[in-house]
Amino acid sequence: MDYKAIAQKTVQEVLGYTQDTSGWKVVKISKKITVSSKASRKFHGNLYRVEGIIPESAAKLSDFLYQTGKRVTWDKSLQVYDIVHRIDSDTFICHTITQSFAMGSISPRDFIDLVYIKRYEGNMNIISSKSVDFPEYPASSNYIRGYNHPCGFVCSPMKENPAYSKLVMFVQTEMRGKLSPSIIEKTMPSNLVNFILNAKDEIKAHKTPSGRGFRRNSHS
């Protein structure tokens, strides 16, 4: 399987989502974070767009979201986030296991995703992800194997203050199993807001004393 080609196609799809301005419906606004959705063209479910301002430069924010070492310490939606195969410095395959959601109504899922970071002119970076088949990690009877259609983080500097970034996140996750779509639609917006809030809290907690940004750890 040509993982690099898949990664490059996925990042182009995420870039396309940033340019798609029609059909979005705002489904939640909380703490200056806006969640919008529209019908996905990939599966019978929604494509979500999440927008927020992060007190960090776009370059450092991208590094923070791309590095895996401490993801589970701040991302409350995950219990496992492991790199299982590194393709090159910009591309890897990861195995994630989610927490349960909606007071246990949504049981944990696991995913095998191809993650890729691409840097553009103007300090905009996109971190894309998409589920792939990876023979070394077949589906297990312990978890329902979910599927992420093209997803991604888009990090770009605020023109009026480059020390801050606009983060736009696109998510279209097929949970699979026997879930009612209404449960997912009720739960997903709040989970996406919480992800942004958790990321902001972690970045603020690890600012250097001089305020120069997130300290990179040894796992980055």
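Start by selecting Arg176 and Glu174, whose side chains meet in a salt bridge with 3.8 Å from N to O. The model in your viewer is a predicted one, and every distance on this tour is computed from its atoms. Side chains of opposite charge can pair when their charged atoms come close. Colour the two residues by how much of their surface is reachable: Arg176 is partly exposed at 38% relative accessibility, and Glu174 is partly exposed as well, with a relative accessible area of 22%.

**More salt bridges**

How many salt bridges does a search of the whole structure find? The search finds ten, and two further ones deserve a stop here. Select Asp110 and Arg145, which form a salt bridge whose closest N and O atoms are 2.9 Å apart. This pair links distant parts of the chain, since Asp110 sits in strand S6 (residues 109–119) and Arg145 in strand S8 (residues 144–145), 35 residues apart. Is Asp110 buried or exposed? With a relative accessibility of 2%, Asp110 counts as buried.

Next, select Glu51 and Lys166, a salt bridge in which the closest N and O atoms are 3.5 Å apart. Here too distant parts of the chain are linked, with Glu51 in strand S3 (residues 46–54) and Lys166 in strand S11 (residues 161–171), 115 residues apart. Lys166 is partly exposed, its relative accessible area being 33%.

**Strand S3 and its partners**

Keep Glu51 in view and extend the selection to the whole of S3. Seven of the nine residues of S3 are buried, so this strand is largely enclosed by the rest of the structure. To follow its pairing, add strand S2 (residues 33–39), which pairs with S3 in the antiparallel sense over six bridges. A hairpin of six residues joins S2 to S3, and if you select Lys38 you can look for its bridge partner in S3, which is Leu47.

Now add S11, which pairs with S3 in the antiparallel sense over seven bridges. Which residue of S11 is the bridge partner of Arg49? The partner is Phe170.

**The cysteines**

Clear the selection and show the cysteine sulfurs. A disulfide is a covalent bond between the sulfur atoms of two cysteines. How many disulfides does the count come to? The count comes to zero. Begin with Cys151, whose sulfur is 11 Å from the closest cysteine sulfur, that of Cys94, and therefore too far for a bond. Cys151 counts as buried, at 5% relative accessibility. Then move to Cys155, which is in no disulfide, the nearest cysteine sulfur being that of Cys151 at 15 Å. Cys155 counts as buried too, with a relative accessibility of 0%.

**Helix H1**

Select residues 3–18, which make up helix H1. At 1.5 Å a residue, its 16 residues should span 22 Å, and the C-alpha atoms at its ends are 23 Å apart, which agrees. Among the buried residues of H1 you can pick out Tyr3, Ala7, Val11, Leu15 and Tyr17, together with Glu13.

**Empty space: the largest pocket**

Rolling a probe the size of a water molecule over the atoms shows where empty space is left. For the largest pocket, select Phe43, His44, Gly45, Pro181 and Ile184, which of the 17 lining residues are the closest to its centre. About 300 Å³ of space lies in this pocket. S3, strand S12 (173–174) and helix H4 (181–205) each supply at least two residues of its lining, and H4 gives the most, with four residues.

**Empty space: the largest cavity**

The last stop lies among the cavities, of which the whole structure has two of 30 Å³ or more. Select Arg71, Ser77, Asn148, Val171 and Thr173, which lie nearest the centre of the largest cavity among the 33 residues that line it. About 650 Å³ of space lies in this cavity. The elements that give two or more residues to its lining include helix H2 (58–66), strand S4 (78–88), strand S5 (91–98) and strand S10 (151–158), and S6 and S11, visited earlier for their salt bridges, are also among them. Which element supplies the largest share of this lining? That share, six residues, comes from H4.

Methods: Residues numbered from 1 in each chain as written. Predicted model: local features only at pLDDT ≥ 70, side-chain atom pairs only at ≥ 80, totals over all residues. Heavy atoms only, no water. Salt bridge = Lys/Arg side-chain N within 4 Å of Asp/Glu carboxyl O. Buried < 20%, exposed > 50% of the residue type's maximum accessible area, 1.4 Å probe, protein only. Pairing = 2+ DSSP bridges. Disulfide = S-S within 2.5 Å. Expected span 1.5 Å × (residues − 1). 1 Å grid on protein atoms, 1.4 Å probe; cavity = no way out; pocket = protein on both sides within 12 Å on 5 of 7 lines; lining within 4 Å. Points joined across faces, edges and corners; volume = space filled by probe spheres on them.
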